[in-house]
Amino acid sequence: MNQTNSQFENHRWSENLLMKIYKEKDHGSAYVAQRLADVISEKQKAGKKAILGMATGSTPKGVYRELIRLHRDEGLSFKNVHTFNLDEYYRMLPENVMSYNTFMKEHLFDHIDIPAENTNIINGDLELEEIENHCAEFEKKIYDLGGIDIQLLGIGRSGHIGFNEPGSATDSRTRLVNLCEITRNDAISDFNGLENVPTQAITMGVRTILDAKEIIMIAWGNKKSEIVQKTFTGEISADVPATYLLTHPKVEVILDHESSAFCNKMLPM
């Protein structure tokens with residue numbers, strides 16, 4: 001493989017997709033945090049807002065820890081930043097310990113200087129008849145701010161991005177969705193039993209994600225290696241919504257050695 005330094009391997013997977021494989025996920029997380037910091041700083045210098053799409057779950061925790069460090073130790077300010085989170089469980093009170101609203105406060109927002117009114121997380125505690133209008137307002141706010149500059153993504157073992165499960169269409173927008181069996185089973189430990197795992201969520205749509213100017217997708221560990229392989233070696237298909245990323249003009253994929261195991265057989269040494 002074409003190793004560019006001792007910490008990662010750089011691969012041009014396709015004309016529009018750059019893949020970085022790190023020995024340690026902490027190194028990959030630090031790289032992603034710096035990419036976000038660079039966007040924030042560039043926008044600050046130009047007197048503009050930075051619009052970031054945020055993800056939740058275990059995958060981006062290291063990124064958020066590094067962003068907090070950059071704020072605390074290196075003076076990175078988030079005052080010009082507006083964030084939009086990918087999704088939220090339904091129904092889920094914002095103050096619930098398992099909500100993504102709580103997650104973002106605990107892992108990022110409460111530790112930086114971002115104005116609270118600049119953070120946008122889908123409300124998971126709406127009546128059914130309120131959801132369509134809420135989703136439309138969420139989409140409009142993204143549009144009115146000029147679109148997402150850089151979208152952070154994980155990938156589910158079902159191939160979902162956001163909570164766009166298999167069968168999601170490329171033109172889908174923010175909406176209520178049903179969670180598949182794989183996704184719900186992966187959340188059992190978080191919710192102390194399958195019976196407690198929500199069956200639905202509200203998520204940014206595939207088209208909402210693909211409208212971002214840049215996308216960074218992260219995957220850590222051998223549990224993600226199979227779906228990562230399907231995403232980057234199979235056909236673009238609704239069966240694996242993450243494959244839609246291959247149609248985007250500017251994507252970076254950040255992996256560790258375990259999640260990138262398939263690359264050992266496909267890339268030149």
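Which side chain of opposite charge is nearest to the buried Arg184, and how far away is it? The legends below take up this residue and several other sites in a predicted model.

**Figure 1. Arg184, a buried arginine without a salt bridge.** Arg184 belongs to helix H5, which covers residues 181-186. The nearest side chain of opposite charge is that of Glu195, 7.7 Å away. A salt bridge requires a side-chain nitrogen of Lys or Arg within 4 Å of a carboxyl oxygen of Asp or Glu, and Arg184 has none. The Arg184 side chain instead reaches a backbone atom, the oxygen of Leu194, at 3.1 Å. With residues up to four places away in sequence set aside, Arg184 touches Leu179, Leu194, Val197, Pro198 and Thr199.

**Figure 2. Thr174 and its surroundings.** Thr174 lies in the loop between S7 and strand S8 (175-178). Its relative accessible area is 9%, so Thr174 counts as buried, the limit being under 20%. The side chains of Thr174 and Glu139 make a polar contact at 2.7 Å. Not counting residues up to four places away in sequence, Thr174 touches Ile122, Cys135, Phe138 and Glu139, as well as Ile202, Thr203, Met204, Gly205 and Thr208.

**Figure 3. The eight-stranded open sheet.** Pairing in this sheet is mixed, and the strand order is S1-S2-S11-S10-S7-S3-S4-S6. Strands S1 (8-14) and S6 (119-120) stand at the edges; each has a single partner strand, so one side of each is left without a neighbour in the sheet. Farther in, S3 (residues 50-54) pairs with S4 (residues 81-85) in the parallel sense, over five bridges. Within this pair, Ile51 stands opposite His82 of S4.

**Figure 4. The largest nonpolar core.** This core has 42 residues, and those with the most contacts inside it are Val63, Tyr64, Leu67 and Leu108. Two or more residues come from each of helix H1 (25-45), S3, helix H2 (61-74), helix H3 (100-107), strand S7 (150-153) and strand S10 (214-219). H1 gives the most, with six residues. Leaving aside neighbours within four places in sequence, Leu108 is in contact with Met54, Tyr64, Leu67 and Ile68. Another core, of 39 residues, lies apart from this one and includes Ile21, Leu86, Ile131 and Ile227. In soluble globular proteins, nonpolar side chains tend to be buried together.

**Figure 5. Helix H3 and its packing partners.** The residues Tyr100, Asn101, Thr102, Phe103 and Met104 of H3 are buried. The buried residues of this helix pack against strands S3, S4 and S5 (87-90) and against helix H2. H3 also gives two or more residues to the largest nonpolar core.

**Figure 6. Backbone geometry at two loop sites.** Most residues other than glycine have a negative phi, and most peptide bonds are trans. The peptide bond from Tyr90 to Arg91 is cis, with omega near -10°. Arg91 is in the loop between S5 and H3. Asn192 is not a glycine, yet has a positive phi of about 55°. Asn192 is in the loop between helix H6 (188-191) and strand S9 (200-203). The relative accessible area of Asn192 is 65%, so this residue counts as exposed, the limit being over 50%.

Note on methods:
Residues numbered from 1 in each chain as written. Predicted model: local features only at pLDDT ≥ 70, side-chain atom pairs only at ≥ 80, totals over all residues. Heavy atoms only, no water. Pairing = 2+ DSSP bridges. Helix = DSSP H or I, 4+ residues; strand = E, 2+ residues; numbered from the N terminus. Core = buried A, V, L, I, M, F, W, Y, C linked by side-chain atoms within 4.5 Å. Buried < 20%, exposed > 50% of the residue type's maximum accessible area, 1.4 Å probe, protein only. Contact = heavy atoms within 4.5 Å. Polar contact = N/O pair within 3.5 Å; in protein donor to acceptor, adjacent residues only side chain to side chain. Lys, Arg positive; Asp, Glu negative; His and termini not counted.
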